[in-house]
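I opened the model to see how its elements are laid out and packed. These are my entries, in the order I made them.

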Amino acid sequence: MTHTVKYALISWLLLMLSTAASAWGFSLPSIDPVVSTVAVIITSAVKVVLVMAIFMALINAPRAWQTVAAIWVFTVFSLVITIYLL
């Protein structure tokens with residue numbers, strides 16, 4: 001098994017686990033809805049980073065592209081959380 005396939009498999013498993021956590025774990029009645037929503041948004045940001053890094057091969061891209069992508073993810077998800085909390 002090559003490193004690329006191994007990374008893709010591990011990323012896929014992490015994506016599935018985080019989806020299950022978002023759908024089941026954060027929807028428990030004992031969790032405050034605001035905390036749950038922010039947790040789902042943060043989980044989504046992590047999933048976007050994984051997809052961009054592994055499946056879009058950003059992990060092999062030049063450092064400048066990686067930096068631009070990281071800034072984009074941070075900016076977009078920070079704005080989404082900020083707008084939601086307002």
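**Entry 1: overall layout.** I took helices and strands as DSSP runs, numbered from the N terminus, with at least four residues for a helix and at least two for a strand. The model is a predicted one. On that basis I found three helices and zero strands in the chain, and the order from the N terminus is α-α-α. I looked up the extent of the C-alpha trace, which spans about 45 × 30 × 10 Å along its principal axes. I also looked up burial: 23% of the 86 residues count as buried. For contacts between residues at least 6 apart in sequence, I noted that 65% join residues at least 24 apart.

**Entry 2: helix 2 by itself.** I checked the length of helix 2, residues 33-55. Its 23 residues at 1.5 Å each should span 33 Å, and I read 32 Å between the end C-alpha atoms, which agrees. I then listed its buried residues: S36, V38, A39, I41, T43, A45, L50, M52 and A53. What covers them? I found that the cover includes helix 1 (3-23) and helix 3 (63-85).

**Entry 3: S36.** I picked S36 from helix 2. S36 has a relative accessible area of 11%, under the 20% limit, so I count this serine as buried. Setting aside neighbours within four places in sequence, I found S36 in contact with F26, S27 and I31.

**Entry 4: helix 1 against helix 2.** How do helix 1 and helix 2 run relative to each other, roughly parallel or roughly antiparallel? I read a crossing angle of roughly 165°, with the axes coming within 10 Å. Angles over 145 degrees count as roughly antiparallel, so I entered helix 1 and helix 2 as roughly antiparallel. The crossing of helix 1 with helix 2 is left-handed. On the helix 1 side, I listed Y7, A8, S11, W12, L14, L15, S18, T19 and S22 as making the contact. On the helix 2 side, I listed V40, T43, K47, L50, V51, I54 and F55. Sorted by class, this contact has 10 nonpolar, five polar and one charged residues.

**Entry 5: S11.** From the helix 1 side I looked up S11, which lies in that helix. S11 has 4% relative accessibility and therefore counts as buried. Leaving out neighbours within four places in sequence, I found S11 in contact with L50, I54 and F55.

**Entry 6: helix 2 against helix 3.** I repeated the check for helix 2 and helix 3, and read an angle of about 165° with the axes 11 Å apart. Helix 2 and helix 3 are therefore roughly antiparallel to each other. I noted the crossing of helix 2 with helix 3 as right-handed. From helix 2, the contact uses P33, V34, T37, V38, I41, I42, S44, A45, V48, V49 and M52. From helix 3, I listed A69, W72, V73, F77, V80, I81, Y84 and L85. The class count for this contact is 17 nonpolar, two polar and no charged residues.

**Entry 7: V48.** I looked up V48 in helix 2. Is V48 buried or partly exposed? At a relative accessible area of 25%, V48 is partly exposed. Not counting residues up to four places away in sequence, I found that V48 touches W72, V73 and F77. I also took a distance from V48 to A20, 28 residues apart along the chain, and the C-alpha separation is 16 Å.

**Entry 8: helix 3 by itself.** I ran the length check on helix 3, where 23 residues at 1.5 Å each should span 33 Å. The end C-alpha atoms are 33 Å apart, which agrees. I listed Q66, A69, V73, F77 and I81 as its buried residues. The cover over the buried residues of helix 3 includes helix 2.

**Entry 9: A57.** I went on to what follows helix 2 and found A57, with a positive phi near 60°. A57 sits in the loop between helix 2 and helix 3. Most residues other than glycine have a negative phi. I flagged A57 because its phi is positive, about 60°, although A57 is not a glycine. At 38% relative accessibility, A57 counts as partly exposed.

Methods
Residues numbered from 1 in each chain as written. Predicted model: local features only at pLDDT ≥ 70, side-chain atom pairs only at ≥ 80, totals over all residues. Heavy atoms only, no water. Expected span 1.5 Å × (residues − 1). Buried < 20%, exposed > 50% of the residue type's maximum accessible area, 1.4 Å probe, protein only. Contact = heavy atoms within 4.5 Å. Axes fitted to C-alpha atoms, helices over the stretch in contact; angles between N-to-C directions. Parallel < 35°, antiparallel > 145°, perpendicular 65-115°, else oblique. Left-handed = near helix turned anticlockwise from the far one by under 90°. Nonpolar A, V, L, I, M, F, W, Y, C, P; charged D, E, K, R; others polar.
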